[in-house]
Amino acid sequence: MSKHRVSRRQFLNYTLTGVGGFMAAGMLMPMLRFAVDPVLEAAAGENFVATKQKVDDLTNKPVRLDFSYKQKDAWYESEVTDTAWVYKNDEGKIVALSPVCKHLGCTVDWNTDKEHPNQFFCPCHFGRYTKDGMNVKGTPPLKPLDMYDFKVKDGILHLGSAVPHKEA
Amino acid sequence: MKLLPKDIEMFEQAREHIDTIIVPLAGIDFGTNMKQYARMNEFLTILASEIERQFKGRIILLPALSYIASLDTESRKQTALEWKVNFLNEGFKHVFFVTCDSDWKAVEKDFDQSLIWVPAIPLEGLDDSYKRQMMDEQVRQISNIFSQKWQQAK
Ligand code: FES
């Protein structure tokens, strides 16, 4: 008999370490991904996208701005178009609101409900928001509209990512 | 919403708010009208996803009901109507069919206003912002149809 015979104990040791290793890896990998992902996302959030809007042309009437950027997932690189409602408030400050209804995610429109003029209106379940984006009590949404981070470069409005309403 | 697992989670939590089904109707042809049907499909796909984006919280956009364009219209009509009955039985209140294929216009009356026909505008070679503007206009018109129905049902 050869001296290199693997004893029962050694055999079990090797195989179990192997299997255990795989199992540990299987558990740790997704955890690692969860840990790292938010960091990656935060970095992506720093991107500002140029719109076609000259800041000087903004008035106190909300205008709809579409802006596009590239987004990549596992299968496609696609061009995503987002929309913002933008205006200057009474103090002359720029306000950029996300049009995504905080109820179930439909797109809100400005001033389309005849009974409630000068509000944002969601056609899906008749949710309403005042001009500053605050949800009207008694309508389905329970939170105000998100706001876009923005900056102004060369007189042009650049929009960042949507964040929860600052006054909420 | 679409038939995607993450959307379905939302559906399960808010089922009473999601009462409308959208079914695109898409013809397939490998004969002389191949390109024409391809164009309809392109247009319809974009249109449907824009509608979905706008009304995410109240509608479910289904995969298209596809059919061979050269076969007779009767059987596809029956299928569509069967789908509709089935969804109504599931508790949905509105079912809309959206198509660019003008064949459907001949059977429109059987659908009791739930068939929406939109002419496919050729998108090839059009400037992006113009395309978007055009699509927005179409979506707006369809929105009006939805809003009307929803207001009536209120
Ligand atoms: S999604 Fe806007 S009110 Fe329901």
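A salt bridge is a side-chain nitrogen of Lys or Arg within 4 Å of a carboxyl oxygen of Asp or Glu. In the predicted model described here, the side chains of Glu50(B) and Arg53(B) meet this criterion, with an N to O distance of 3.6 Å. The two residues both belong to helix α2 of chain B and are 3 residues apart, which corresponds to about one turn of the helix. Their surroundings were assessed by relative accessibility. Glu50(B), at 16%, counts as buried because the value is under 20%. Arg53(B), at 28%, counts as partly exposed, because this value lies between the limits of 20% and 50%.

Helix α2 of chain B, which spans residues 34-55, also contains Glu52(B). The relative accessible area of Glu52(B) is 3%, so the residue is classed as buried. Apart from its neighbours within four places in sequence, Glu52(B) is in contact with Met1(B), Lys2(B), Asp7(B), Ile59(B) and Leu61(B).

A further salt bridge in chain B joins Asp103(B) to Arg76(B), with the closest N and O atoms 3.6 Å apart. This pair links distant parts of the chain, the two residues being 27 residues apart. Asp103(B) is placed in the loop between β4 (94-99) and β5 (115-117), whereas Arg76(B) is placed in helix α3 (residues 73-89). Asp103(B) has a relative accessible area of 30% and is therefore partly exposed. Arg76(B), by contrast, has a relative accessibility of 4% and therefore counts as buried.

Salt bridges that share partners also form one network, made up of Arg64(A), Asp66(A) and Asp136(B). Within this network, Asp136(B) is bridged to Arg64(A), with 3.3 Å between the closest N and O atoms. The count of salt bridges between chain A and chain B is 1. At this interface, 15 residues of chain A are in contact with 16 residues of chain B. The area buried between the two chains is about 1300 Å², and carbon and sulfur atoms give 50% of that area. Over all chains, the structure holds 16 salt bridges.

Another residue examined in chain B is Phe146(B), which lies in helix α4 (residues 128-153). With a relative accessible area of 0%, Phe146(B) is buried, because this value falls under the 20% limit. When neighbours within four places in sequence are left aside, Phe146(B) is in contact with Ile22(B), Ile51(B), Phe55(B), Phe96(B) and Ile116(B). One of these partners, Phe96(B), is 50 residues from Phe146(B) along the chain, and the C-alpha atoms of the two residues are separated by 8.8 Å.

Chain A has 1 helix and 9 strands. Read along the sequence, the elements of chain A follow the pattern α-β-β-β-β-β-β-β-β-β. Of the 168 residues in chain A, 33% are buried. Among contacts in chain A between residues at least 6 apart in sequence, 39% join residues at least 24 apart. The area exposed by chain A is about 11600 Å², of which carbon and sulfur atoms supply 58%.

Part of chain A carries an annotation. The unreviewed UniProt entry places the feature "domain: Rieske" at residues 86-159 of chain A. Over these residues the chain is 0% helix and 35% strand, and the end C-alpha atoms are 10 Å apart. Elsewhere in chain A, helix α1 covers residues 8-44 and includes Phe11(A). The relative accessible area of Phe11(A) is 49%, so this residue is partly exposed. Phe11(A) also takes part in a nonpolar patch on the surface, formed together with Val6(A), Leu12(A), Tyr14(A) and Leu16(A). The accessible area of the patch residues together is about 550 Å².

A salt bridge is also found between Glu91(A) and Lys93(A), with the closest N and O atoms 3.5 Å apart. Both Glu91(A) and Lys93(A) are exposed. The bridge between Glu50(B) and Arg53(B) instead pairs a buried residue with a partly exposed one.

Conventions. Residues are numbered from 1 along each chain as its sequence is written. Chains are lettered from A and ligands numbered from 1 in the order in which they are written. This is a predicted model: local features need pLDDT of at least 70, side-chain atom pairs count only at pLDDT 80 or more; totals for chains, interfaces and linings use all residues. Side-chain values use heavy atoms; hydrogens and water are left out. Helices (H or I, at least four residues) and strands (E, at least two) are DSSP runs, numbered from the N terminus. Buried means under 20% relative accessible area, exposed over 50%, partly exposed in between (1.4 Å probe, protein chains only). Contact means heavy atoms within 4.5 Å. Patches are made of residues with over 30% relative accessible area and no salt bridge: like charges are joined within 9 Å, nonpolar side chains (Val, Leu, Ile, Met, Phe, Trp, Tyr) within 5 Å. Accessible areas come from the Shrake-Rupley method with a 1.4 Å probe; for residues, only the protein chains shown count as cover. UniProt positions are given in the numbering used here, feature names are shortened, and annotations may be inferred rather than shown by experiment. Buried area is the accessible area (1.4 Å probe) that two parts lose on being put together, summed over both.
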